[in-house]
Amino acid sequence: MNPFYLLSKSMQKKIWDMKWGRFTPIQEMVIPTIIHTNKDIVISSGTASGKTEAAFLPILTLIESTAGQSLKVIYISPLKALINNQFERIEKVSEHIHVPIHRWHGDVDQGKKKKFIQSPAGILQITPESIESLFVNRTEHIKRIFSDVEFFVIDEIHSFLDTERGVQLRSLLSRIENYCKNRPRIIGLSATIDNFDFIRSWINYCNTDNVEIIVSPGNDKELNYSLMHFQNDESFKKPVVFFEDLRELTRESKSIIFCNSRGEVEETTVFLNRLAKRENVGETYYAHHSSIDKQEREYVERTIANSSAPKSVVATSSLELGIDIGEIELVVQVDSTFTVSSLKQRLGRSGRKKDTNQYLQLYTTNQDSLLQSLAVMELLLEKWVEPSVGYPVPYDILFQQIVSICQEHNGITEIELINNLKGNHVFYFLPTEEIRMLIHHMINYDFLELINGSKELIVGLDGERILRDKDFYSVFMTSEEYEVVNGAKKIGQLDKKWLINEGDNIILAGKLWTIQGIEESKGKVYVTAAVNANPPRYFGDGSKIHSKISEKMHEILCSDEKFRYINKEALNELNDLRKAYHLNNIKSQQRVLWKQRDSYYFEGYTGTKIARTLVWMLRSFGVQVKKYDEFGRLEVTSSIYLLGTLEQITQKEWREEELIAFTREEEFFQSKYSALLPQELYMKMHILHEIDINGVVAFLKNIQIIVITMD
DNA sequence: GACCTGCTGCGGGTTG
């Protein structure tokens, strides 16, 4: 049966009015499943395949007769921008059917929020953090608001699977369920995902069979791609010819140029605009990243979306998720992404229009990046992406949620609290003794307080301090920043860890500035225009590379594959890297230990987690690791023979705890609330997030180590 | 050698 006839009369009329030709394949599959079954559903398909409508046409059909009276659907988005975007899309579909739609996030004004609280109905579009704020600040209303909810729609659900933010969200959904007459169905909208089992249990561990995953048939778009290498100089500066080539490439097309850091975005934007100016073209390249003022960013998004001229945006992963910037013809990636899924997501931003193809240009500017880019691209072509693994033992989020739950209940006994957590979808599996240990720790440190003859728990004084801070609602870490202003105009932000002085020249938002003054108390930096400047530095986490990427890099070193999509300079560099490997006829299951006088270089080419664990194991045997990188390449200077130690590592019975003494401060796990946990629970988090003993042993057993002496 | 994401309520005043 044509899914059209499954929809309500008003939805059918709406589709007529919008002059839709036909449903997309994903819509044809999803509509009957929502209407005819009671299942949770994950809709996995590329951008612009009509996922939102696939979910909302049938949902509106099911709820339209009663949606005027109470809240039926909670739509959750990781981005405020996406809420604003989708608001218009959903409003369009539900125009004439009296289903109210409400937006709720940090930028929505109080009046609108008040109105919703007074008469909650229809659809609520909200962020995880704003759900948290409802539990904390609107406690007396939540029962009334949530009781009739029938659907949770989670947009970009893949972005929640492996993150602390996802743990928080899933906990919040559990807490909402406690107030619902019936358990709401979960509909997830996702880019391509792997590891179906994991996403099923993320949605409903009690009944994974009831989660249907609907994957759209792959698109028939042709992918055009190539890689160009421009070796940087000794001071790691990108050569001018690289920028000239990039200018040439983007002169006639609308493109996104992805860089790996905010500083590179700034540098690239300024350089490209200088080249464009030489051709008497006006501003053509726009910078986009999180430390550029929001208004400026929105201006850039609009300019790119509405421009018919070939303008381009230079961005970090800030433009990776679904923010609408119109049709993009070309995606450029400067140096390798850290994950395959990131490259896939970025490339999906081009060729969205019907009958257009996808164009991807990779640039590399150093040898590692070349090798890594090839590895990532090859894995993408093999259709591999990093599988979801979740966020293990989330005691840090448990800490935050306990504060929030105590606030929600305004007095709860320890037994009730534990029962509540045991019924929570993300905490149920944590041992009761450990939950109790955390609660008692929180009482001891005044995060919680016992009242009513020590029977009931409320938020303690130090808990209040955390709870009343506006920083409470999000669970991810952020760094402190200065606000940069030019007169009354906000330009963006600078990382406080980066030491600046008056008179320094910086690039921000693609423009050059001189720092005129720093007002520490207000956290403000005052700037005026300059003619010459350097990009600022921002500080982030280290990178964790999946084993599969490192292994692929090693495989490429061993092979003599020419890769038809790379230029001559890239092939020359690659052959240069391969020389020693080819000369010694190294095979892909082998790993080389290069010996040079008193130094040993072991090129492990394995994942970052395994590499670090290996380093700690080596240190425990007294081997001094001088340097190591995220691909497991390490340098050792030691009289102890490394080979023997590696052998011993595979034979020993390891306990994770014994590696802790050999871990440097900066190598420990860290998250927003991790420092507030009892030591024992914190170490559990560290162990499960950072240590992989079985991984190291399996890695060492699967490889054959070849010792080569270099002189 | 990184990147991204988010965020009180209330009362009292002014403005459209």
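**Contacts with DNA strand B, and the cysteines**

In this predicted model, 37 residues surround DNA strand B, and Lys 80, Ser 130, Arg 297, Lys 470 and Glu 630 come nearest.

Student: What makes the approach of Lys 80 to DNA strand B a polar contact?

Tutor: A backbone N or O atom of Lys 80 lies 2.5 Å from a phosphate oxygen of the strand. The cut-off is 3.5 Å between N or O atoms, so the pair counts.

Student: How do you know that Gln 110 and Thr 127 qualify as polar contacts?

Tutor: Each uses a polar side-chain atom facing a phosphate oxygen of DNA strand B: the distance is 3.4 Å for Gln 110 and 2.8 Å for Thr 127. Both values fall within 3.5 Å, so both count. The elements giving two or more residues to this surface are α5 (110-118) and α6 (128-137). The largest share, three residues, comes from α6.

Student: What is the make-up of the surface near DNA strand B?

Tutor: Six residues are nonpolar, 19 polar and twelve charged. On the DNA side, 57% of the strand's atoms within 4 Å of the protein belong to sugar or phosphate, the rest to bases.

Student: How do you know that Cys 206 is in no disulfide?

Tutor: The whole structure has zero disulfides. For Cys 206, the nearest cysteine sulfur, that of Cys 180, is 15 Å away. A disulfide needs the sulfur atoms within 2.5 Å, so this pair fails.

Student: Why is Cys 206 called exposed, and why is Cys 259 called buried?

Tutor: Cys 206 has a relative accessible area of 58%. Exposed means over 50%, so the word fits. Cys 259 has 1%. Buried means under 20%, so that word fits too.

Note on methods
Residues are numbered from 1 along each chain as its sequence is written. Chains are lettered from A and ligands numbered from 1 in the order in which they are written. This is a predicted model: local features need pLDDT of at least 70, side-chain atom pairs count only at pLDDT 80 or more; totals for chains, interfaces and linings use all residues. Side-chain values use heavy atoms; hydrogens and water are left out. A residue is near a molecule or strand if one of its heavy atoms lies within 4 Å of it. A polar contact is a pair of N or O atoms within 3.5 Å; within protein, one must be able to donate a hydrogen and the other to accept it, and residues adjacent in sequence count only if both atoms are side-chain atoms. Helices (H or I, at least four residues) and strands (E, at least two) are DSSP runs, numbered from the N terminus. Ala, Val, Leu, Ile, Met, Phe, Trp, Tyr, Cys and Pro count as nonpolar, Asp, Glu, Lys and Arg as charged, and the others, Gly among them, as polar. Buried means under 20% relative accessible area, exposed over 50%, partly exposed in between (1.4 Å probe, protein chains only).
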